[in-house]
Amino acid sequence: MTKKITTQDHLAEVQASFDEQQNPRLVEILRSAVKHLYAFVEETKLTREEWMTGVEFLTATGQKCDDVRQEFILLSDTLGVSMLVEMLNQMPSDVATDPTVFGPFYVPGAPEMAMGSSIAREGNDGEPLVFSGTVRDAAGKALEHARLDVWQVAPNGLYDVQDPASPPFSYRGVFETGPDGHFEILTSRPVDYLIPTDGPVGQMLAATGRLAWRPAHTHFMVTRPGFKTLITHAFDADSPHLSSDAVFGVRESLIIDMNGGTAVFDLVLDVTEE
Ligand code: BEZ
Ligand code: FE
């Protein structure tokens, strides 16, 4: 009698088909990916129809992407995978600022701005807010030449790239610290906003009873030679959605008071590992 091929045999055959002489890291990733994918299919006893529904969902996710819309990042964000990748890759020391998700709305090439200037391109139609703080190393020394790439939604709850009426680089700017490590950025108080729900990710959220809100925040990406890049947000302590963030990015240490027109957000960077 011929031996029946088990699902374990099948997995082993597929894993062995990847030639590790080609690209060892790629092969490691693919072998692990098929192992976990097969375990998921077996654990859920996935039917053929359910698998096709998944394939159609992923196809629609790709079809929703264009130059400014990245539905796959949104899917990764709403499944908590983006946050997991940041947690594992940024891994701050005990004193360094906590990281959070990057999100799909970063635009490279924002204008370099003088300290104290406003990132609101057309007036400042929200509640005016001055962000200030100091960038330091883990020992408390102020860091000169730290570059802060800052971005947030406009008071209408949309990023510039989502709003045809918005001037380019609205609510975006790059600032560089001086010898005292201090920064000061004029903006509007960020507002809670809905992540895009007109695509497959929105359907997934609706089908599972989840909210699409992000709690009000301002994004910071801080770079400095010799230090790990920090990708984080400052969250408004008054947001009603801090405990139901659609992308699981809130960390208690990143929640700050934004009342009274000022917000203080001190930042601590870890040195690069040799
Ligand atoms: C953001 O904060 O810009 C964002 C993050 C994840 C998904 C959507 C938006
Ligand atoms: Fe955001």
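Helices and strands here are DSSP runs, numbered from the N terminus. With that settled, H145 is easy to place: look in the loop between strand 1 and strand 2. Please keep in mind, everyone, that this is a predicted model.

Let me stay with H145 for a moment. Its phi is positive, about 60 degrees, although H145 is not a glycine. As background, most residues other than glycine have a negative phi. H145 is partly exposed, with a relative accessible area of 43%. F248 makes a nice companion: its phi is positive too, near 60 degrees, and F248 is not a glycine either. You will find F248 in the loop between strand 8 and strand 9, the latter being residues 255-256. F248 also counts as partly exposed, at 43% relative accessibility.

Now let's zoom out. The protein has six helices and 11 strands. Its C-alpha atoms fill a box of roughly 80 × 45 × 30 Å along the principal axes. Of the 274 residues, 39% are buried. Accessible surface comes to about 15000 Å², and carbon and sulfur atoms hold 58% of that. If we take contacts with a separation of 6 or more, 72% of them join residues 24 or more positions apart.

On to the ligand, which I suspect is what most of you came for. Which residues surround ligand 1? They are L74, D77, G103, P104, F105, Y159, Y193, I195, R214, H217, H219 and V247. By type, this shell divides into seven nonpolar residues, three polar and two charged. Three side chains are worth finding on the screen. In R214, a side-chain N or O atom sits 2.6 Å from an oxygen atom of ligand 1. For Y193 the corresponding distance to a ligand oxygen is 2.7 Å, and for Y159 the distance is 3.1 Å. How much of the accessible area of ligand 1 does the protein cover? On its own ligand 1 has 260 Å², and the protein covers 100% of that. Two elements give two or more residues to the shell, namely helix 4 and strand 7, which spans 217-223.

Helix 4 brings us to its neighbour, helix 5, residues 81-90. In helix 5, the buried residues are S82, M83, E86 and Q90. Why do these residues line one face of the helix? Looking down the axis of helix 5, they fall within an arc of 95 degrees, so they share one face. The cover over them includes helix 4, residues 71-78, and strand 8, residues 230-236. Right after helix 5 comes M91, with a positive phi near 30 degrees.

Let me finish with a pair of loop residues. Is S170 buried or exposed? S170 is buried, because its relative accessible area is 8% and the cut-off for buried is under 20%. S170 lies in the loop between strand 2 (147-151) and strand 3 (172-176). Setting aside neighbours within four places in sequence, S170 is in contact with I119, R121 and D160.

P108, by contrast, is exposed, with a relative accessible area of 56%. P108 belongs to the loop between helix 5 and strand 1, the strand running over residues 128-137. From P108 to E49 is 59 residues along the chain, and their C-alpha atoms are separated by 41 Å.

That's my tour, and I'm happy to go back to any of these residues on the screen.

Notes: Residues numbered from 1 in each chain as written. Chains lettered and ligands numbered in written order. Predicted model: local features only at pLDDT ≥ 70, side-chain atom pairs only at ≥ 80, totals over all residues. Heavy atoms only, no water. Buried < 20%, exposed > 50% of the residue type's maximum accessible area, 1.4 Å probe, protein only. Helix = DSSP H or I, 4+ residues; strand = E, 2+ residues; numbered from the N terminus. Arc of directions from axis to C-beta. Contact = heavy atoms within 4.5 Å. Near = heavy atom within 4 Å. Polar contact = N/O pair within 3.5 Å; in protein donor to acceptor, adjacent residues only side chain to side chain. Areas by Shrake-Rupley, 256 points an atom, 1.4 Å probe, with all protein chains shown as cover. Nonpolar A, V, L, I, M, F, W, Y, C, P; charged D, E, K, R; others polar.
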